[in-house]
Amino acid sequence: MPSIKPISEGSKIRAQKADPNGMRCLVENCPKERGVEAVHVVPRELSADRKFMKSIEWSWKMRKGTLNLDTRRNVFFLGASLHSLYKSGLWALIPEEHIVDRFLSKPKGRFPGSPLPRQRFPDLEDETFRYTFIPLADLSSFGITRQNQVTNLADPVAFTTHLHPFTTLPSFTSHVHPKYVILRMACLLSSLEKQTDPFIINLLETNPVVCKLADFYPAWASGCLPLGAKADPSFLNVVPHEEEDGEEEERAYMSMKSQSDYEEPDTESSDGDSVCTAPRRIWYPPSSWIKLPRGAKRHSSEIEHSCSSSEHKGKHRKLLEDENNTGSVPWSSCTKESISKWAYECST
């Protein structure tokens, strides 16, 4: 899976400004001094899964290539221990049922509603929403201590300990958008491990909201776009061609079919000086790959900077000499096999 750049401070700052809890842990309500960390509702690593991202962008009525998982609506704050449990899929947040119903068609008789198609995807513009903590495994080995007030901490009611299944925890107000919370829960419920887990099976049978959330994964993240999607003007990307499904990203990159897809942007995907998140995915090629501006020729100084070993430098210079001798466009004298071999040697 391709590597991606770490989340920028700008993304964290934007989430902090939007957070109605002042960067306190959403669940424990403890202050940031207690090791509170920025957490992605939907893991940002999924940005490298191109089929998944295109499927979500289609389902969410977005343009292809514009879903940035570093958006403030996908970032909230948790204490370190709860963060670790969250990343492990041992608990999740669920929206209020009436919010989930906004993403579903109306039930027909005994048949429940199904996730709305792209054309009817709801636009929820509220600044905050309410969520409930739900365990996805037996967490009876520990409790969660929630801070009830920010002053007079010596008061006996300043802290309350909640035990599994944590039904005594209050609901939480957060700026994160329900579509990310729904997607996260749908992804967790779709795993084979969860589908055969007696705890999850019981949860699906007893919790109507969780049961509804299980239907979203096949509808949103199947990875298969409907016929005509690539010709839909509301879905077509504003940037040039993106490689087709099934193409190896390394091969697509080295073939220079559409260099603009892989150029390093002028700013990071979540620029710290921006007031909003850039509408593009947070996917980047590894730094070992050579990046050329469209139509530009690589100079020897840039080549030397890209490859440290003398052997690799020699290979770059040989390619450059071939190019200058032929007077053709960059890489035109090379075959697909020779370029692939050269790229492999550079990466190793």
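Of the 348 residues in the chain, 44% are buried. The model is predicted, and the stops below move from the whole chain to individual residues and back to the core.

**The whole chain**

Display the chain as a cartoon and colour by secondary structure: 13 helices and 7 strands make up the assignment. Then switch to a surface representation. The accessible surface amounts to about 18,300 Å², and carbon and sulfur atoms contribute 53% of it. With contacts displayed, consider those with a sequence separation of 6 or more: 73% of them are between residues 24 or more positions apart.

**Strands S1 and S2**

Select residues 36-40, which form strand S1, together with strand S2, residues 75-79. The two strands run antiparallel and are joined by 5 bridges. To find one of these pairings, select His40, whose bridge partner in S2 is Val75.

Now show the side chains of S2. Val75, Phe77 and Gly79 point one way, while Phe76 and Leu78 point the other way. Is S2 enclosed or open on these two sides? Residues facing both ways are buried; because this holds for 5 of the 5 residues, S2 is largely enclosed by the rest of the structure.

**The loop before S2**

Step back along the chain to Asn68, in the loop that links helix H2 (50-59) to strand S2. Despite the loop position, Asn68 counts as buried, because its relative accessibility is 4%, under the 20% cut-off. Its side chain reaches the backbone nitrogen of Asp70 at 2.8 Å.

**Helix H2 at Ser55**

Continue to Ser55, which lies in helix H2. Ser55 has a relative accessible area of 2% and is therefore buried. Select its neighbours next, leaving aside residues up to four places away in sequence: Ser55 touches Trp220, Ala221, Ser222, Gly223 and Leu225.

**An exposed loop residue, Thr168**

Select Thr168, in the loop between strand S6 (159-163) and strand S7 (172-174). Is Thr168 buried or exposed? Its relative accessibility is 54%, so Thr168 counts as exposed. Display its side chain with that of His162, and a polar contact of 2.7 Å appears between them. For a distance across the sequence, pick the C-alpha atoms of Thr168 and Phe133: they lie 9.9 Å apart, although the residues are separated by 35 positions along the chain.

**The nonpolar core**

Phe133 also leads to the next selection, Val27, which touches it. Apart from residues up to four places away in sequence, the contacts of Val27 are Leu78, Leu82, Trp91, Phe133, Ile144, Arg146, Leu169 and Phe172. Leu78 was met above as one of the buried residues of S2.

Val27 and Trp91 have the most contacts inside the largest nonpolar core, which has 63 residues. Which element supplies the largest share of this core? Helix H5 does, with 8 residues. In soluble globular proteins, nonpolar side chains tend to be buried together.

**Helix H5**

End the tour by selecting residues 178-190, the 13 residues of helix H5. Computed from first C-alpha to last in the viewer, the helix should reach 18 Å, close to the 18 Å expected at 1.5 Å a residue. Show its side chains with the surrounding chain: 11 of the 13 residues are buried, so H5 is largely enclosed by the rest of the structure. The buried residues are Pro178, Lys179, Tyr180, Val181, Ile182, Leu183, Arg184, Met185, Ala186, Leu188 and Leu189.

Methods: Residues are numbered from 1 along each chain as its sequence is written. This is a predicted model: local features need pLDDT of at least 70, side-chain atom pairs count only at pLDDT 80 or more; totals for chains, interfaces and linings use all residues. Side-chain values use heavy atoms; hydrogens and water are left out. Helices (H or I, at least four residues) and strands (E, at least two) are DSSP runs, numbered from the N terminus. The expected span of a helix is 1.5 Å times one less than its number of residues. Buried means under 20% relative accessible area, exposed over 50%, partly exposed in between (1.4 Å probe, protein chains only). A polar contact is a pair of N or O atoms within 3.5 Å; within protein, one must be able to donate a hydrogen and the other to accept it, and residues adjacent in sequence count only if both atoms are side-chain atoms. A nonpolar core is a set of buried Ala, Val, Leu, Ile, Met, Phe, Trp, Tyr and Cys residues joined through side-chain atoms within 4.5 Å. Contact means heavy atoms within 4.5 Å. Accessible areas come from the Shrake-Rupley method with a 1.4 Å probe; for residues, only the protein chains shown count as cover. Two strands pair if DSSP finds at least two bridges between them.
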